[in-house]
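Opening the notebook on this one. I'll jot down what I look up, entry by entry.

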Amino acid sequence: IGPFRRSSTKRDLIPQLSREQFKQIITFLSPLPTFLIGGLSENDSSLIDELNLTGLAVCSALWEGNDRKEQIRKIINSSKPSLLAS
């Protein structure tokens, strides 16, 4: 579901929904798995619990910095608390 915010990969898409609207859509779609997309970073893993998501779909966040492996590691590690709670 998205875009959550503007991103560098889809510059023409402008977020239109509030957090509450995202929550309503996710609740409506339950028990279908739902993923949030659009302008997400390693700092957004708390959205998994906050919005009751299955997970996050990240793209541009993978390309931040110069070390791809380290960036992927940071994203995975930031999501571990949410993954472990499932």
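Is Q71 buried or exposed? I looked it up in what is a predicted model. Q71 comes out buried, because its relative accessible area is 4% and the cut-off for buried is under 20%.

**Around Q71**

I placed Q71 first: it sits in helix α3, which covers residues 68–85. Next I checked what the side chain does, and found a polar contact with the side chain of E42 at 3.4 Å. Then I listed the neighbours, skipping residues up to four places away in sequence: Q71 touches E42, A61, L62 and E64. So E42 turns up both as the polar partner of the buried Q71 and in the list of residues Q71 touches.

**The core**

Which residues make up the largest nonpolar core? I get 8 of them: F4, F22, I26, L36, L40, L47, L51 and L53. The background I keep in mind is that nonpolar side chains in soluble globular proteins tend to be buried together.

I picked L51 from that set for a closer look. Leaving out neighbours within four places in sequence, L51 is in contact with F4, F22, I26 and L36, each of them also a member of the core. The contact list for L51 also holds R19 and K23.

**The largest pocket**

How much space lies in the largest pocket? I noted about 200 Å³. Its lining takes in 15 residues, and S7, T9, K10, I37 and G38 lie nearest the centre. By type, I count 8 nonpolar, 6 polar and 1 charged in the lining.

T9 came up again when I looked at C59. The C-alpha atoms of C59 and T9 are separated by 7.6 Å, with their positions 50 residues apart along the chain. C59 belongs to the loop between β2 (55–57) and α3. I put C59 down as partly exposed, because its relative accessibility is 41% and that class runs between 20% and 50%.

**Backbone oddities**

I went through the backbone with one reminder: most residues other than glycine have a negative phi, and most peptide bonds are trans.

Which bonds did I note as cis? One joins G2 and P3, with omega about 10 degrees. P3 is in the segment before α1 (19–29). Another runs from S30 to P31, with omega near 20 degrees. P31 is in the loop between α1 and β1 (35–37).

What is the sign of phi at N52? Positive, at about 60 degrees, although N52 is not a glycine. N52 lies in the loop between α2 (46–50) and β2. I have N52 as exposed, because its relative accessibility of 60% is over the 50% cut-off.

**Two exposed residues and their distant partners**

Back to P31, now for its surroundings. P31 is exposed, with a relative accessible area of 79%. I looked up its C-alpha separation from T54, 23 residues apart along the chain, and wrote down 9.9 Å.

T27 was my last stop, in helix α1. T27 is exposed too, because its relative accessible area is 59% and the line for exposed is drawn at over 50%. Between the C-alpha atoms of T27 and L53 I have 9.4 Å, for a pair 26 residues apart along the chain. L53 is one of the core residues from the earlier entry.

Technical notes:
Residues numbered from 1 in each chain as written. Predicted model: local features only at pLDDT ≥ 70, side-chain atom pairs only at ≥ 80, totals over all residues. Heavy atoms only, no water. Core = buried A, V, L, I, M, F, W, Y, C linked by side-chain atoms within 4.5 Å. Buried < 20%, exposed > 50% of the residue type's maximum accessible area, 1.4 Å probe, protein only. Contact = heavy atoms within 4.5 Å. Helix = DSSP H or I, 4+ residues; strand = E, 2+ residues; numbered from the N terminus. Polar contact = N/O pair within 3.5 Å; in protein donor to acceptor, adjacent residues only side chain to side chain. 1 Å grid on protein atoms, 1.4 Å probe; cavity = no way out; pocket = protein on both sides within 12 Å on 5 of 7 lines; lining within 4 Å. Points joined across faces, edges and corners; volume = space filled by probe spheres on them. Nonpolar A, V, L, I, M, F, W, Y, C, P; charged D, E, K, R; others polar.
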